[in-house]
Amino acid sequence: MIILGNPFDKLSVLSVDYPKRTLAVSIIGVLFIASFARFLVFDVGEDSFFPQNETTELLYEVEDTYTVDVDLIRAIVRFNEGDLLDGETWQLLASIESELLTYEGLSEHHLVLFGDSANAGPASSVIFWQKVQDPTSDTWSSGVEGALQSVLSANNSTLNDVVGTALTSVATIPSPTSPNSTDISSWNPGNPTEWQTRMDLGMNNSEQISYLIGLVSSLSVNRTPEQLAVIGPLQGAAMASLIPLYELQNIDLRANMITMFPKDARSEPWTKASIALVTLAIDTSEPIVEGEALDVTITEYTIDIEKIMIESHDDEITVFSFSRFFGEQTSTIGKEIGILTSASLVVLGIILWWKFRSVRDTSIVLTLTLLAIAATYGVSGIMKMEFNAAMNSIPILLLAIGVDYGLHVVLRYREELKLIDGEDNVSRDTMADFSADLRAKALKTGTILTSAALVVAIVTDMVGFLSFRLSSQKFLVTFGTVIAIGLFFIYLFSVTLLPAMLRLLKAQKLPLNRSVKVEEDSFSKWVGNIVETPWKVIAAAVLLSLPVAIGVQHLEVGFDADEQYDVTIPVVKDFFLLDDEFGGQNRAPLYVVMDGPAISIDGKETYESAIATISSHSKIYAHEGLWAALEIESSRNPELQSLLSSLGSEQSYVELESWLLNNETGRDISFRYLSPDGQQSVISFQTSTTDWKATVNFVDELSDSLSEHGEFRLSGRGLILAQVSEDVAFSSVASTAIVATVILFTLILINVSREENKVKGIVKGFTMWIPLAVVVLWVYGLMGWTGYQLNSQTVTIGALTLGLGVDYSVHFVTRLDEEIEHDPSAGTSAWVSKTNATTGRAMMGAALTTAGGFAVLNLSSLLPLRLFGQAFVVAILLALISSIILLPALFSLFGLIPKPTLDSEE
């Protein structure tokens, strides 16, 4: 038999000859490399799944330009349905909102986000409505009306006095400012059913305010210039107070308030709602506590606020913030990695001990695999890779596969000892009875022979996983790269450090007959016999493949970034409650970006066309834009009101643009919609579309509709996640195809180099590849039939199945070639049976360790990891079956197993 040498064979020999040096260099090198793991970046947010494309770049441009650094602290107050008809519930909501506003640690970091305030809650919303719209709360208009009537009938002698009285009366007109903490804490909700009825009917003060505005305008009729000079200040003050108040009568304040209740209860909020939100916006652009991480500080404050509220109100209240959400999720992921890794070590340790019957050898293999993982994380840190929740499976995957390499080396070393024992007349009972030279010889031979198979597998695996770098998804690029690095280190340590440690340590007194089993059993003989009639095996495989192949058509993409969150964490439950019950309030909007002068006649027309298109779409339920925001803010700002009312000429638009871009107040109003240079604006909107296919179709449809009115660009997190789902489907097919192609090419290349007959080498490489393709078909088909979906984890299942399958195929064929060379007269049945009894047993043990390692993923709190573990256990078993049964049958069918020598026939 021709053994293909590889550059690591010499390292294996040196490791056995100089075990102490090998151990010292390896340990120092691993510790040094592993120290760079501190540079790894962990991100549990959805950004870690984003592709690198124009849509993502546009999103970041929009968020950098038009959004602020903000965290929303939300008190989630729970009560019984119908409790909103009770004043005590409203008193509770008011108290909670006041406590949020006055919480000392955050009081200096409030961010004005809701109109002119940093807070938003049902209580403050009702107080504001009562202040500006509720007719029964109007305690001022009659006094103002009387004072204005007095001015209207006053003569020269009384005009100054009545104007002064009127100015005092005008000061009683309520300002359109939001209530402060004192207003909220001192509020008496009275009998809620009374004002709820008026609010439901849409009652307001527009008629009375309109009358007062008309009265103010009539004050200047038939007046002398001297009288006008006296009346003018009164008219200005009255109009400045009345016009904004009148504009507010046209705003549906009730509609804004009911968004603070669950969406299913908004048709009848007073009787159906059982949850309410009270929100406080916090500016996160600067650290809240110097020297402490911002997210940690807000998380601590959020927990403290929740504790205070529960203690003071004895109600079911939780407090959510994004800092707390991501902080606790990250912490849980870190703990889970440790738990899953520990569980995997226990499971693998038990399985390895069962195979080795040696605690020492079990510990060595596990330790070396952990060292390889540490080195892998170190190299990843040097490369400054970004890890997300989808990376939780990496240490489990490397452990499960890595111990396989060590298992093959240890078992092959023990096989070589048994062969040596059978070649001389010396009687030996245990492994300790061999001399140091014989053990060294067995280590070198066993490691090199195993390495011959491993190096083929490792090359194909690494190239296959590195093919993920062709994906536009950063997390797939990172995943593939890290796995490739890890497999290389595991292989390197298995053929160098492992034999060095076995050489260095004192030989164990383990009975030879228990060290490794190589005797043929009924199963190995059965496989050997059925290979004599290979067409039966092939026919069975085809019959099984036909129905399974249909299942591939049912395979769907099920990528969802939300599945990367642990729903057992209370704050994560609150996150989904806010998303599910409150109409996606935790979801970022989609954006329509309009390039060009926004504050111009053409810019406004383009904006109005876009708004009309967006408003007409049935799936869009909320939108915000520059001109709508200006109309709302003009009710609070007389200067803006004046600028808007004078629009018409180009110069008027220039003046408005200058005020919005250069005036501090104007910039505060416009920054969320207008770029700093005025050459771009955005419209944000929410959509009820959730399915990724529907989202992609919706955006394409909207983009086509908008293109009729000008050039627009669309982006948003929902759209990007939909694109991720598209790419998950593409990456699954592409990565599987690339890995399959690479493996086919590599197998053909290696077999051509090993066979004197080049045609036979090509056929042999292709035949080794066929079972791998069949297994991938089986895996995807079974996933389709059983409802498993392609997600951030299972997207790699095709490539992993091929990578693992090629390991098994190479090990089996390499050993089969050895058996044929060792006893050329034995015949096909004996060769296959002996291969299954030796390497086949090691492969079964390896499959068991891999399956056991991946089965641990069922303990994960993350659904994608659980599904990945379940699917891969099935893939492992199918890969093993195809290698030990289907592969030798194909070899027999295609004449790749030689006929026994003449001696056998005789």
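1. Glu608 sits in helix H25, and since this is a predicted model, take its placement in that spirit. Its relative accessible area comes out at 42%, so Glu608 counts as partly exposed. That also clears the cut-off for patch membership, because patches take residues with over 30% relative accessible area and no salt bridge.

2. The patch in question is a negative one on the surface, and Glu608 shares it with Asp602, Glu605 and Glu650. Helix H25, spanning residues 601-615, supplies the largest share of the patch, namely three residues.

3. Now to the strands. S2 (residues 70-78) and S5 run antiparallel, with four bridges joining them. If you want one pair to click on, Val77 has Ile317 in S5 as its bridge partner.

4. Which way do the side chains of S5 (residues 317-320) point? Ile317 and Val319 go one way while Thr318 and Phe320 go the other. Buried or exposed? All of these S5 residues are buried.

5. A couple of backbone angles deserve a look. Most residues other than glycine have a negative phi. Asn222 isn't a glycine, yet its phi is positive, at about 60°. You'll find Asn222 in the loop between helix H10 (206-218) and helix H11 (225-248). With a relative accessible area of 79%, Asn222 is exposed.

6. Lys384 is the other one to check: again not a glycine, again a positive phi, this time near 50°. Lys384 lies in a loop too, between helix H16 (359-382) and strand S6 (386-387). Its relative accessible area is 57%, so Lys384 is exposed.

Notes. Residues numbered from 1 in each chain as written. Predicted model: local features only at pLDDT ≥ 70, side-chain atom pairs only at ≥ 80, totals over all residues. Heavy atoms only, no water. Patch = residues over 30% accessible without salt bridge, like charges linked within 9 Å, V, L, I, M, F, W, Y side chains within 5 Å. Areas by Shrake-Rupley, 256 points an atom, 1.4 Å probe, with all protein chains shown as cover. Salt bridge = Lys/Arg side-chain N within 4 Å of Asp/Glu carboxyl O. Lys, Arg positive; Asp, Glu negative; His and termini not counted. Charge placed at Lys NZ, Arg CZ, Asp CG, Glu CD. Helix = DSSP H or I, 4+ residues; strand = E, 2+ residues; numbered from the N terminus. Buried < 20%, exposed > 50% of the residue type's maximum accessible area, 1.4 Å probe, protein only. Pairing = 2+ DSSP bridges.
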